[in-house]
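This report describes the architecture of a single protein chain for readers who have its sequence and coordinates at hand. It takes up the sheets, the helix packing, the nonpolar cores and some notable backbone features in turn.

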Amino acid sequence: MGFASRLTAYGDDGFAQFLRNSFLMAKGFGPDALDKPVVAICDTGSDFNPCHATSPQLVEAISRGVMMAGGLPMVFPTISLHESFAHPTSMFLRNLMSMDTEEMLKALPLDSSVLIGGCDKTIPAQLMGAISANVPTLSVAVGPMLTGSHQGERLGACTDCRRLWVEHRAGSMTTDELHAAQTQLMASQGTCMVMGTASTMACLSEVLGFMLPGGASIPAVHSERLRHAEQSGRRAVEMARKGAPKPQDIVTEASLRNACTVLQALGGSTNATIHLAAMAGRLGLRLDLDELDALGRRTPILADLKPVGRLYMQDFHAAGGLPALLRELAAANLFDTKTPAADGRTWEDVLDDWPAWCDTEVIRNRNRPVTEGGAIAVLRGSLVPGGAIIKQAAMSKDLKAHEGPALVFDGLADLDARIDHPDLEVTENHVLVLRNIGPVGAPGMPEAGLIPIPRKLARTGVRDMVRISDARMSGTAYGAVVLHASPEAAVGGPLALVRDGDRIRLNVEERTLDLLVDDAELDRRRADWVAPEPPRRGYARLFADTVQQAEFGCDFAFLTYEPDDGKPGSPLGGINTEGLV
């Protein structure tokens with residue numbers, strides 16, 4: 001335990017301990033400190049990560065809790081990722097952050113860890129790393145922002161950011177009006193205050209047993225956030241002394257199924273499907289997208305939060321928080337309460353003790369849901385043999401069954417050059433297709449799937465169209481947007497063969513997405529297809545060579561679990577080749 005563990009390999013453990021203690025004494029530690037359980041605190045504060053501006057206060061509060069419980073807090077850094085401060089996309093660096101987290105957790109002399117995350121890719125990267133390192137771990141989120149107000153209208157990031165930008169592009173909002181509203185879109189520090197990726201992943205971390213109950217929704221600047229951090233420090237010492245529970249004990253098929261159910265009930269981010277698949281892969285499990293879809297069909301959306309509903313995370317927290325929603329799911333036999341919560345109890349015990357009051361205007365009763373079910377639907381068909389995702393609860397109902405001609409954009413440069421050109425031949429019946437921006441193609445699968453409505457149509461009042469890509473979109477976004485088309489175009493998926501004018505048929509109710517081109521013509525196109533040149537060196541080359549497709553979590557194939565016999569532990573190894581050129 002403590003500093004006597006994981007000694008540096010000098011070939012003499014006695015000398016290694018002597019030298020380590022000498023450096024600790026140089027730092028000012030007395031002999032009594034050297035025998036305490038060590039809780040490592042991962043500080044992801046960075047000037048390039050505004051969402052994590054409160055990280056120093058959280059480190060202080062966690063450290064205080066650790067010391068109150070008789071442990072020794074030790075702070076260490078890792079990579080920190082923010083959506084708007086990483087080129088080409090933070091998703092390109094998620095796996096690198098997970099590797100950073102894993103290797104630090106395996107190398108440092110620690111007994112347990114508390115990982116401070118928040119902005120979209122940080123919590124999934126940390127949990128992926130923690131699962132692989134398999135040391136007792138808690139997650140503390142920085143928490144969501146508070147809303148602002150402009151001219152009597154309540155505003156919040158980033159759903160309202162996108163809505164106002166759409167109006168500005170359409171010419172119905174001036175630049176001055178946009179800038180005036182901009183000052184109120186992010187009224188405090190923290191992560192986006194809608195049910196985007198950051199809030200979704202915080203909630204799923206809580207469901208999986210990494211975050212103390214009730215912690216996901218506490219606003220970043222509330223004092224309760226610091227009290228939660230302090231309690232996390234205390235709990236981490238308990239885990240350090242017991243050496244348990246470990247991530248591989250709490251992330252199971254049952255807890256992953258719970259996470260998928262809660263994702264649907266929250267109306268959560270489509271990005272969570274990728275992150276959950278990656279976490280499952282670290283255990284040798286396969287996230288079954290068809291089961292995710294089936295769970296969605298019977299799970300009502302209970303959280304009346306943007307982008308699906310009306311409200312924001314501070315309302316969700318005041319209404320009772322995630323446990324209040326879980327209790328409603330459990331009452332409908334949609335949530336397995338025998339799974340562990342992060343405080344050492346089962347969810348059954350937590351929910352029995354959770355305050356009975358719930359604001360049912362925010363966290364709806366299952367008999368009066370926001371929608372009947374199916375927040376996220378999984379599509380399959382000739383265009384997406386590996387599957388695709390659509391957030392059907394946040395799209396125009398009249399586009400759920402649609403057939404139209406394709407208008408194809410070959411990457412972001414082509415999109416930028418043509419989407420707003422006045423001579424673009426496009427109608428609202430077209431299906432906009434953006435390709436070569438998937439995991440390999442971009443690289444990193446950026447959040448570019450929310451293809452802008454062509455300006456000439458936006459100015460006539462068009463606000464939604466069917467859009468298809470091998471990219472992702474922000475969890476704060478909305479629209480008839482088909483995402484994660486797999487296999488992606490850059491590895492030869494059917495998306496690579498689409499041409500302008502091809503008919504594409506979407507039927508969300510039937511869960512189908514088909515390219516209406518005969519096989520003989522597709523065979524001719526395959527013969528002409530040329531794969532893009534891969535990066536020549538560095539991390540980009542590693543990424544392109546080993547990243548998996550979206551349905552497998554976009555993790556590196558060599559990071560997924562394999563048993564000691566060397567045989568694949570699951571169907572996760574390598575790229576899904578079904579439907580490739």
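How many bridges join strand β3 to β4, and in which sense do the two strands run? Five bridges join β3, residues 112–117, to β4, and the two strands run parallel. The model is a predicted one, and every value below is computed from it.

**The parallel sheet**

Strands β3 and β4 belong to an open sheet of four strands, in the order β2-β1-β3-β4, with parallel pairing. The edge positions are taken by β2 (72–77) and β4 (137–141); each has a single partner strand, so one side of each has no neighbour in the sheet. On average, and with direction ignored, neighbouring strands of this sheet are turned by 25° against each other. Within the pairing with β4, residue I116 stands opposite V140. Helix α3 packs on this sheet, where it touches β2, β3 and β4, and its direction makes about 155° with that of β3.

**The mixed sheet**

An open sheet of eight strands has mixed pairing and follows the order β7-β8-β12-β11-β10-β9-β13-β14. Its edge strands are β7 (377–379) and β14 (512–515), each of which pairs on one side only. Here the average turn between neighbouring strands, direction ignored, is 30°. One of the pairings in the sheet links β9 (residues 401–410) with β13 (residues 503–507), in the antiparallel sense and over five bridges. H402 stands opposite L506 of β13.

**Helix packing**

Two helix pairs are set out in the table.

| Helix pair | Residue ranges | Angle | Axis separation |
|---|---|---|---|
| α5 and α6 | 159–169 and 175–182 | about 170° | 10 Å |
| α3 and α19 | 91–107 and 538–546 | about 95° | 11 Å |

The angle between α5 and α6 is over 145 degrees, and the two helices are therefore roughly antiparallel to each other. Their contact is made by L164, W165 and H168 on α5 and by T175, L178 and A181 on α6. By class, this contact holds four nonpolar and two polar residues, and no charged ones.

For α3 and α19 the angle falls in the range of 65 to 115 degrees, so these helices are roughly perpendicular to each other. On the α3 side, M91, F92, L93, N95 and L96 take part, and they meet Y539, A540 and F543 of α19. Seven nonpolar residues, one polar residue and no charged residue make up this contact.

**Nonpolar cores**

In soluble globular proteins, nonpolar side chains tend to be buried together. In this model, the largest nonpolar core has 62 residues, and the members that touch the most others are V262, L266, F316, L322, L325, L326 and L329. Elements giving two or more residues to this core are α4 (122–133), α7 (197–208), α10 (253–266), α11 (271–281), α12 (289–298), α13 (313–318), α14 (321–331) and α15 (347–353). Helix α10 supplies the largest share, with seven residues.

What does V262 touch, leaving aside residues up to four places away in sequence? Its contacts are L204, V207, L322, L325, L326, L329 and F335. Another core, of 29 residues, lies apart from this one and includes V466, A485, A496 and V498.

**Backbone features in loops**

Two cis peptide bonds merit attention. One runs from A244 to P245, with omega near -5°; P245 is found in the loop between α8 (223–242) and α9 (247–250). Another cis bond runs from S486 to P487, again with omega near -5°, and P487 is placed in the loop between β12 (481–486) and β13.

Positive phi values in residues other than glycine also occur. The phi of N134 is near 60°, and N134 lies in the loop between α4 and β4. For R511, phi is near 65°, and R511 is located in the loop between β13 and β14.

Is R511 buried or exposed? The relative accessibility of R511 is 9%, and the cut-off for a buried residue is under 20%; R511 therefore counts as buried.

Definitions and conventions:
Residues are numbered from 1 along each chain as its sequence is written. This is a predicted model: local features need pLDDT of at least 70, side-chain atom pairs count only at pLDDT 80 or more; totals for chains, interfaces and linings use all residues. Side-chain values use heavy atoms; hydrogens and water are left out. A nonpolar core is a set of buried Ala, Val, Leu, Ile, Met, Phe, Trp, Tyr and Cys residues joined through side-chain atoms within 4.5 Å. Buried means under 20% relative accessible area, exposed over 50%, partly exposed in between (1.4 Å probe, protein chains only). Contact means heavy atoms within 4.5 Å. Axes are lines fitted to C-alpha atoms, for helices over the stretch in contact, and angles run from 0 to 180 degrees between N-to-C directions. Angles under 35 degrees count as roughly parallel, over 145 as roughly antiparallel, 65 to 115 as roughly perpendicular and the rest as oblique. Ala, Val, Leu, Ile, Met, Phe, Trp, Tyr, Cys and Pro count as nonpolar, Asp, Glu, Lys and Arg as charged, and the others, Gly among them, as polar. Two strands pair if DSSP finds at least two bridges between them.
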